[in-house]
Amino acid sequence: MPVPPPPHPSGERAPAIPKEFVPRHVAVVMDGNGRWANARGLPRTAGHAAGEASLLDVVAGAIEVGVEYVSAYAFSTENWSRSPDEVRFLMGFNRDVLRRRRDLMDSWGVRVRWAGRRPRLWRSVITELETAEEQTRNNSTVTLTMCVNYGGRAEIADAAQAIAREAAAGRLKPEKVNEKVFARYLDEPDLPDVDLFLRSSGEQRTSNFMIWQAAYAELVFLDEPWPDVDRRHLWRAVETYARRDRRYGGAVDKPGQTSA
């Protein structure tokens, strides 16, 4: 049986929100690590290291409030353009976080999964991702998808290539390709659509993260840099989400009103 994560040091508890108003899937852009470090006269890598605790705390908060899926943007396909030193740090850091935290997340009942491209990714990082996936595959408290060497456009392009190969081989008729069929070729085809898209550090853009899955996501932007974020920020974002009116392109008139 999974053990519950420890409560937040402040003693604050997750808000009591009816299940139907809790986002099932939260996508998280962990932005602002470098700026957090620079503001303190530290190297950018110190900000990435400080963000490890924030991710764990947000996962703990997701468990407590009832979120079923968390997807974390750990390393994008565009991050290869950063300095070689920072790229090396991020590769080693992602590998070591998985190694250090795998047993803890397993004890909480977290299922760890990986979305992203294999080419260019360090073999040691792939090994840790696959080990975490295997160790936690039977867990069901919350699913944490680590998006490493991931890009939304890359995912869509890879899916299109796979569909083209199937069509060329005669195994798939082009006229049968619709949104449902296309989604089966994404990195994690059984991952539900993103309900809440959460980004830290004041930037208000999606940065090529889960652009297929987040087509109808509610966007919440935090001013705090990622190392200053904890589960309480997630809870406030979930409360914001719960107050939103999600119509998916439709509209319902209020009494006494008519649509134009």
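Which helix holds Arg-231? Keep that in mind as you open this predicted model, and we will come to it at the end of the tour.

**Stop 1: the sheet**

Start by showing the strands as a cartoon. Six of them form an open sheet, with parallel pairing, in the order 3-4-2-1-5-6. Colour strand 3 (110-115) and strand 6 (218-221) next: they stand at the edges with a single partner strand each, so one side of each has no neighbour in the sheet. If you look along the sheet, you can follow its turn, since neighbouring strands are rotated against each other by 20° on average, direction ignored.

Now zoom in on one pair. Select residues 69-76, which are strand 2, together with residues 142-150, which are strand 4; these two pair in the parallel sense over seven bridges. To find one of the partners, pick Val-70 and look across to Leu-144 in strand 4, its bridge partner. Then add residues 123-136: this is helix 4, which packs on the sheet and touches strand 3 and strand 4. The direction of helix 4 makes about 145° with that of strand 3.

Stay with strand 4 a moment longer and click on Asn-149, which is found there. Asn-149 has a positive phi of about 55°, although it is not a glycine. Is Asn-149 buried or exposed? Asn-149 is buried, with a relative accessible area of 3%.

**Stop 2: the nonpolar cores**

Hide the cartoon and show side chains. The largest nonpolar core has 48 residues, and Val-110, Met-146 and Val-148 touch the most other members. Helix 2, residues 44-65, gives the most to this core, with eight residues. A second core lies apart from this one; it has 14 residues, including Val-29, Tyr-69, Cys-147 and Met-210.

Next, centre the view on Met-146. Which residues does Met-146 touch, not counting residues up to four places away in sequence? Select Leu-55, Ala-72, Ala-74, Asn-94 and Leu-98, then Val-112, Arg-113, Trp-114, Ala-115 and Leu-129, to see these contacts of Met-146.

**Stop 3: the annotated residues**

Select Asp-31 and Asn-79, which UniProt lists under "active site" in an unreviewed entry. They span 49 residues in sequence, yet no two of their C-alpha atoms are more than 12.4 Å apart, so they gather at one spot. Show the largest pocket here, as its lining takes in both Asp-31 and Asn-79 from this set.

Take Asp-31 by itself. You will find Asp-31 in the loop between strand 1 (25-29) and helix 1 (33-38). Asp-31 counts as buried, at 15% relative accessibility. Leaving aside neighbours within four places in sequence, Asp-31 is in contact with Arg-199, Ser-200, Ser-201, Glu-203, Pro-225 and Trp-226. The unreviewed UniProt entry also lists Asp-31 for "binding site", together with Glu-218.

Now move to Asn-79. Its place is the loop between strand 2 and helix 3 (84-108), and at 13% relative accessibility Asn-79 counts as buried.

**Stop 4: the loop between strand 5 and strand 6**

Two residues are worth a click in this loop. Ser-207 lies between strand 5 and strand 6 and has a positive phi of about 50°, although it is not a glycine. Ser-207 counts as partly exposed, at 28% relative accessibility.

Then pick Ala-214, which is placed in the loop between strand 5 (196-199) and strand 6. Ala-214 counts as buried, at 15% relative accessibility. Setting aside neighbours within four places in sequence, Ala-214 is in contact with Val-194 and Phe-197. For a distance across the model, draw a line from the C-alpha atom of Ala-214 to that of Arg-99: they are separated by 29 Å, with their positions 115 residues apart along the chain.

**Stop 5: Arg-231**

Back to the opening question. Arg-231 lies in helix 7, residues 231-243. Arg-231 is buried, with a relative accessible area of 3%. To see what surrounds Arg-231, show Pro-6, Pro-7, His-8, Asp-57, Val-58, Ala-60, Gly-61 and Glu-64, which Arg-231 contacts when neighbours within four places in sequence are left aside.

How values were computed:
Residues are numbered from 1 along each chain as its sequence is written. This is a predicted model: local features need pLDDT of at least 70, side-chain atom pairs count only at pLDDT 80 or more; totals for chains, interfaces and linings use all residues. Side-chain values use heavy atoms; hydrogens and water are left out. A nonpolar core is a set of buried Ala, Val, Leu, Ile, Met, Phe, Trp, Tyr and Cys residues joined through side-chain atoms within 4.5 Å. Buried means under 20% relative accessible area, exposed over 50%, partly exposed in between (1.4 Å probe, protein chains only). Helices (H or I, at least four residues) and strands (E, at least two) are DSSP runs, numbered from the N terminus. Contact means heavy atoms within 4.5 Å. Two strands pair if DSSP finds at least two bridges between them. Axes are lines fitted to C-alpha atoms, for helices over the stretch in contact, and angles run from 0 to 180 degrees between N-to-C directions. UniProt positions are given in the numbering used here, feature names are shortened, and annotations may be inferred rather than shown by experiment. On a 1 Å grid over the protein atoms alone, a cavity is a set of points where a 1.4 Å probe fits but cannot get out, and a pocket is an open set with protein on both sides within 12 Å along at least five of seven lines; lining residues have an atom within 4 Å of a point.
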